[in-house]
Each structure stands twice: as C-alpha cells, then as structure tokens.
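Happy to go through this one with you. Let's take some of the terms we use for a structure and ask what earns each one.

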Amino acid sequence: MNKTIDDIFRRAKEAENKQLGEIINFDEIDYKLKDKGRIGNLIQKYYFNIDINNRSESDFKELGLDLELKVTGLKQNKKKQWIAKERVSLSMIDFNNIEKDFTDSKVLNKNKNILLIGHEYNKDKNRKNLKIIKSILWKYENISENEKKIIENDYSIIYQKIQNGIAHELSCSDTKILEATTKGQGKNKDLRNQPNSDFKAKSRAFALKKWYVNYILTENDFESISAYFNSSSLKAYNFLKNFIKADLTDYAKKNNINTSAKQANGIILKKMLEEYDDSILELISEDQVKVRTMKLSKSGEITQESMPISSHHIKIDEILKEKKFEDSLFYQELTKPYIIVTIDENVFSKKIIKDVFLLDGIISKNDMNARIYKNAESIWKQTKLSFETINKGKKENFSLTKQKEDKDFHLRPKAKNSSAKNKYKNSNLTFQAFWLNRKTISYLIKKHRGLI
C-alpha cells in the first residue's frame, strides 16, 4: 500500500513524548551514525526507513512523496516553553545556478512540504534519552498570502545580490523569513566563485529564520504573523511596565553592561527581556517587535532628535518594485506595534525608566485621512520618485525629505558605518533610512496620554 504524507505525519506524531531510545533500536545502528551521526539522520534511516542521501529532491521522494524531513533541537525558555535552538537550513545556494523566481526554484521544489520534528536539546544527555517534543507538518501552499509574499521577496533580494556580483555582501539581516546563512567550516575555507564578480563569496544555504521556526512551533495558536508579533509586543510591554521608576544602572552593574556605551539603554532592555523570554528577544533582534528608548530633558521633553522606523536601510531595488503605499515595506513597518520607553538621565549617574508606552502603530489602518498617514504616503512617493531618477541615470535630480521640512518623517543614513555607500547602479549614495521626527514622537506620546 502506497504511503501518503498524512501517513508519514501520523508516524511522526506517534514519536512525540518518547525518547530516541524508545523509537530507535540503537543496537542496530551503523557504528559511524551511532557515535557521530546527526539525530536527523538517525530518525530518517532508523525510524522512517529512508536512506540518507544528498539528492536535490526531497527526502521522502523514494516513496513518491514531495516531503522533506527537518529535525531540529528545541530548548525551554524562561517560561518553560519549547523554542527553536537555531534556524532550520533548507538547501545549499548554488551562486552560478539559481532560478530567478522562487516559485520555480530548487529550494521550493525540495521544501514545499516539510515534516518538522523538534527534539529536546541537551548536550549533557545521552542521545538515547533525548525526548521528541513536537512534530509539525508545514506546507507552503497552506501558509498565508502575506507569508508567501515575504518569502518570495526575501528570495528575490538574495537572487538579486548574487546576480549583481555581490554575493560576498549577503547578510542574514537582508531578509525577514528566508535567509542566506553561512555554511561550512568558516575562516575562508568555504569560499565559492560567484557570477559577475572576481570576489569569492562565503558558502551559503537557504534557511528559515529562528523566529519563524518558533512561529511554526506555535501550531496555529495565532491567526497570522501580525497577531504573533502583536502578542509578543504586548508581553514585552507588560513586562517592562513593571520597571517604571527603576534605575537601569543597578541592573547594568549586576550584568557587567557598560552604561556609557552609545546604545547602552537598548542593550540593557534587551538583556532584561532575554531573561524574561528569549523568544521575544529573537523578534526584537529581527526588529519584528520594536522597542525604542527615548531620553528626556529636565522638563520632560524628548531630547533625542528622531527615531528610526526600521533597523534596516532602504533597498532601492525593493522600493522601485512597490506599486502602492499600502503594499510597501515602509507602510508595513509603520503599522506594527512600537514599545517606547522614556528614560530620565537628569539625575547624576542614573537611568530612571519614566514611562513605557505601547503604540498600536505610527499610523492607523483605520485613519486614512490623518496627517501622519498623508505625510507618510507623500514621503514614500517622493522617495520612490527620487530613486527612479537614479534608475534612469539622473543623479543630479536626486532629492530626499529632510527633517527641517517638518513632514513627520525624514530620510538620513542608518548604518553601522554612516559613510557606507549603496552600489545600486553605481549610485554611490550613502545608505538611507526612514526616521520619525522628534516633534511627531512627542505628539504620539501626548496623544497616548490623552493630552491631545
């Protein structure tokens, strides 16, 4: 009788809450696998009776099934919830043979259906005693259109960098769900040739980001990614509210954090949130849960000039492909929740949390006529138009919104190296990002307090 994907999934579910030694007879295992083999290989060969192979097709193809097996370690966070230890790798990237569209790609063909099995991670335990925690069937065809859009855009970003001869500049921070992670021994031992460049690039693989694996592990507890972000933001907000009037320097000293560092306030809050729930920290690191700190003057006004909308700079080729403001990445960032923590540093050597705010978004989806919404749309259009002049080779007509124009938002560099240049069509422009003006931040806080 031919097996189906559902048959394989049922078999996987039967292993839940059992130790590896209960589902696999270790006396029958090949010596090499017994001592050094990955747990995924053991489960594939000795539980599902599928030969281990390096084929480009999915693992269960020999049964006539488009189903890939991914086995990953899970650990418990501070709240005793099981979360992913790491990202899940999908397949190696061949820089010289990569399809243009994700829907036609080898990585999707191999991973359109994934059987994800999570096992207890404990390096001090004998592998026989490690427990199978959870088995989940992930199907690309069943995920939301929003997730598909993000993944396809992620793939396009990776593809475009490779085609532009800058595979050596690929970074996990380029993308949101699907990333190009380094693979191999490191230390320049895994450099590969790439098209349109004499530079060699690090060997990389497509992978699902760790936060997205955690989202999959929730097993439909949330109706959408947005609901998952909102829930995580609310948890972080409720936790940070407990520290109003607390002095961050006390916590910093206990944890050996340099309070004079440029981003000290943010570093301290991240450490606090990590101790509370490190799955939330993963979302903060990816800028999916947005925590922003604001310093206050003696009069209680914000002294910080402005606030970055995203931790990433604007990608010219992305914004040029956007057709409508409501479909833009800028709009998506503006409608996410923001946690704003105001900090009073006016008392010598102290950093007092004055207040914590949770904004549903910088702009409201239900308030299409609001001033901030109109200005955001206008600046997006102006920015897109300016980048189109570069696309046409007319750099002299390039113009970006400045803070002094008082339009709620402005553009300016946002990079570790503020002089870093964008190589798009040899534009040689400093990387730019959208920022929210200080006056607008003050307005939103006053509105949140009911003072406006």
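Q: Which residues are buried in H11?
A: This is a predicted model, and in it Asp278, Ser279, Ile280, Leu281, Glu282, Leu283 and Ile284 of H11 are buried.

Q: What makes helix H11 mostly covered?
A: The count does: 7 of the 8 residues of H11 (residues 278–285) are buried. These buried residues pack against strand E1 (68–76), strand E2 (82–84), H7, H8, H10 and E10. Just after H11, Asp287 takes a positive phi of about 60°.

Q: Why is Lys209 called buried?
A: Its relative accessible area is 1%, and buried means under 20%, so Lys209 qualifies. This lysine lies in the loop between strand E9 (204–208) and helix H7 (210–217).

Q: What makes the link between the side chains of Lys209 and Glu286 a polar contact?
A: The distance is 3.3 Å, and the cut-off for such a pair of N or O atoms is within 3.5 Å. The Lys209 side chain also reaches the backbone oxygen of Cys172, at 2.6 Å. Leaving aside neighbours within four places in sequence, the residues in contact with Lys209 include Arg87, Thr175 and Glu179.

Q: Why is the pair of Phe239 and Tyr276 called stacked?
A: The ring centres are 4.4 Å apart and the planes stand at 15°. Pairing needs centres within 6.5 Å, and stacking needs planes under 30 degrees apart, so the pair is stacked. Phe239 itself is buried, with a relative accessible area of 15%, set against a limit of under 20%.

Q: How do you know that Phe330 and Phe434 are stacked?
A: By the same kind of reasoning: their ring centres are 3.8 Å apart and their planes are at 15°, so this pair is stacked. Phe330 lies in helix H13 (residues 329–334) and Phe434 in strand E17 (residues 432–437), so the pair ties together parts that are 104 residues apart in sequence. Both Phe330 and Phe434 are buried. Ring pairs also link them into a cluster with Phe325, Tyr331, Tyr373, Trp380 and Phe409.

Q: Why do strand E10 and strand E13 stand at the edges of the open sheet?
A: The order of this sheet of 3 strands is E10-E12-E13, with mixed pairing. Strand E10 (290–296) and strand E13 (352–359) each have a single partner strand, so one side of each is left without a neighbour in the sheet. From one strand to the next, the twist averages 20°.

Q: What makes strand E12 and E13 a pair?
A: Two strands pair if there are at least two bridges between them, and 7 bridges join E12 (residues 338–344) to E13. The two run antiparallel. One bridge partner is Asp355 in E13, matched with Thr342. Helix H15 (residues 438–448) lies across E10, E12 and E13, running at about 85° to E13.

Q: Which residues touch the most other members of the largest nonpolar core?
A: Phe206, Trp211, Tyr212 and Ile339 do, in a core of 63 residues. Helix H8 (residues 225–241) gives the most to this core, with 7 residues. A second, separate core of 35 residues includes Met294, Met307, Ile441 and Leu444.

Note on methods: Residues are numbered from 1 along each chain as its sequence is written. This is a predicted model: local features need pLDDT of at least 70, side-chain atom pairs count only at pLDDT 80 or more; totals for chains, interfaces and linings use all residues. Side-chain values use heavy atoms; hydrogens and water are left out. A nonpolar core is a set of buried Ala, Val, Leu, Ile, Met, Phe, Trp, Tyr and Cys residues joined through side-chain atoms within 4.5 Å. Buried means under 20% relative accessible area, exposed over 50%, partly exposed in between (1.4 Å probe, protein chains only). Helices (H or I, at least four residues) and strands (E, at least two) are DSSP runs, numbered from the N terminus. A polar contact is a pair of N or O atoms within 3.5 Å; within protein, one must be able to donate a hydrogen and the other to accept it, and residues adjacent in sequence count only if both atoms are side-chain atoms. Contact means heavy atoms within 4.5 Å. Axes are lines fitted to C-alpha atoms, for helices over the stretch in contact, and angles run from 0 to 180 degrees between N-to-C directions. Rings of Phe, Tyr and Trp (its six-membered ring) pair if their centres lie within 6.5 Å; planes under 30 degrees apart count as stacked, over 60 as edge-to-face and the rest as tilted.
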